[in-house]
Amino acid sequence: ARRGWYVFPCKPDKRPYWNEQDLPNGKDNATTDPEQIRTWWKRWPNALIGVYCEKSGIFALDVDNKNGKNGSQTLAALVRDYGAGHDIPVGPVQSTPSGGLHLIFRYPEGRSIPNNSGKLGDGLDLRSNGYICTGPGYAWHPGHGPDSPLTDAPAWLLELIDSLGRPRTH
């Protein structure tokens with residue numbers, strides 16, 4: 001929250017905690033207010049930290065390696081085919097409990113990043129007008145913690161994301 005990321009408490013299954021008093025709208029109640037955050041974590045001390053991406057000025061490429069999906073393999077193929085095999089420059093990166101990754105980028109001005117699952121490729125989800133979780137079971141990569149400088153997503157990745165909304169031509 002000190003970084004300007006809007007947070008809220010989530011259950012172990014990654015769904016937001018709800019209550020009528022101070023969290024009636026899940027992610028839409030996300031805040032950077034330290035007093036509100038302290039109140040929530042006093043009530044739910046073991047909560048995961050939900051980060052509302054777009055409101056925080058970020059989006060995440062969620063790489064899933066579960067349920068028969070190998071997002072790491074899909075991403076490697078995209079990097080090879082569209083990114084000329086160059087590593088993706090990225091600031092914050094965390095491993096997820098299922099063996100996946102969250103690659104976190106600066107939300108691009110003037111673009112719309114959809115919130116979806118699997119449309120970019122098998123095992124690749126986009127989190128924008130949605131959220132990611134962090135906390136117990138998640139691990140920030142050395143040199144890529146939550147305080148790392150944000151980077152822009154590579155142009156080829158943004159072009160692929162933009163193409164998700166366009167009809168395909170043959």
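Two strands count as paired if DSSP finds at least two bridges between them. Keep that in mind as you work through these exercises on a predicted model.

**Exercise 1. Work out how the strands of the open sheet are ordered, and which strands sit at its edges.**

Step 1: Find the order. The sheet has three strands, arranged E1-E2-E8, and their pairing is antiparallel.

Step 2: Look for strands with a partner on one side only. These are E1 (6–10) and E8 (131–134), the edge strands.

Step 3: Check the twist. Ignoring direction, neighbouring strands in this sheet are turned by 35° against each other on average.

**Exercise 2. Find the bridges that hold E2 to E8 and to E1, and name a residue pair for each.**

Step 1: Start with E2 (residues 48–52) and E8, which pair in the antiparallel sense over four bridges. Here Val51 stands opposite Ile132 in E8.

Step 2: Turn to E1 and E2. They run antiparallel and are joined by five bridges. Pro9 has Ile49 in E2 as its bridge partner.

Step 3: Apply the cut-off. Pairing needs at least two bridges; E2 and E8 have four, and E1 and E2 have five.

**Exercise 3. Decide whether E1 is largely enclosed or open, and say which helix touches this strand.**

Step 1: Count buried residues, meaning those under 20% relative accessible area. In E1, four of the five residues are buried, so the strand is largely enclosed by the rest of the structure.

Step 2: Look for the helix. H1 (residues 34–43) packs on the sheet and touches E1 and E2. The direction of H1 makes about 10° with that of E1.

**Exercise 4. Describe the nonpolar cores.**

Step 1: Take the largest core, which has 23 residues. Phe8, Ile58 and Ile104 have the most contacts inside it.

Step 2: Trace where its residues come from. E1, H1, E2, E3 (58–63) and E8 each give two or more residues to this core.

Step 3: Move to the second core, which is separate and has 22 residues, including Val79, Ile88, Leu124 and Leu160.

**Exercise 5. Explore the largest pocket: what is its volume, and which element gives the most to its lining?**

Step 1: Read off the volume, which is about 460 Å³.

Step 2: List the residues closest to the centre. Of the 16 lining residues, these are Ala1, Arg2, Arg3, Val7 and Ile49.

Step 3: Compare the elements. H1 and E2 each give two or more residues to the lining, and H1 gives the most, with four.

**Exercise 6. Sort Lys14, Asn67 and Asn116 into buried, partly exposed or exposed.**

Step 1: Recall the cut-offs: buried is under 20%, exposed is over 50%, and partly exposed lies in between.

Step 2: Place Lys14, in the loop between E1 and H1. Its relative accessibility is 36%, so Lys14 counts as partly exposed. Its phi is near 75°, a positive value in a residue other than glycine.

Step 3: Place Asn67, in the loop between E3 and helix H2 (71–82). At 72% relative accessibility, Asn67 is exposed. Phi of Asn67 is also positive, near 50°.

Step 4: Place Asn116, in strand E6 (residues 116–121). With a relative accessible area of 9%, Asn116 is buried. Setting aside neighbours within four places in sequence, Asn116 is in contact with Asp125, Leu126, Arg127 and Leu164.

Methods: Residues numbered from 1 in each chain as written. Predicted model: local features only at pLDDT ≥ 70, side-chain atom pairs only at ≥ 80, totals over all residues. Heavy atoms only, no water. Buried < 20%, exposed > 50% of the residue type's maximum accessible area, 1.4 Å probe, protein only. Contact = heavy atoms within 4.5 Å. Axes fitted to C-alpha atoms, helices over the stretch in contact; angles between N-to-C directions. Core = buried A, V, L, I, M, F, W, Y, C linked by side-chain atoms within 4.5 Å. 1 Å grid on protein atoms, 1.4 Å probe; cavity = no way out; pocket = protein on both sides within 12 Å on 5 of 7 lines; lining within 4 Å. Points joined across faces, edges and corners; volume = space filled by probe spheres on them.
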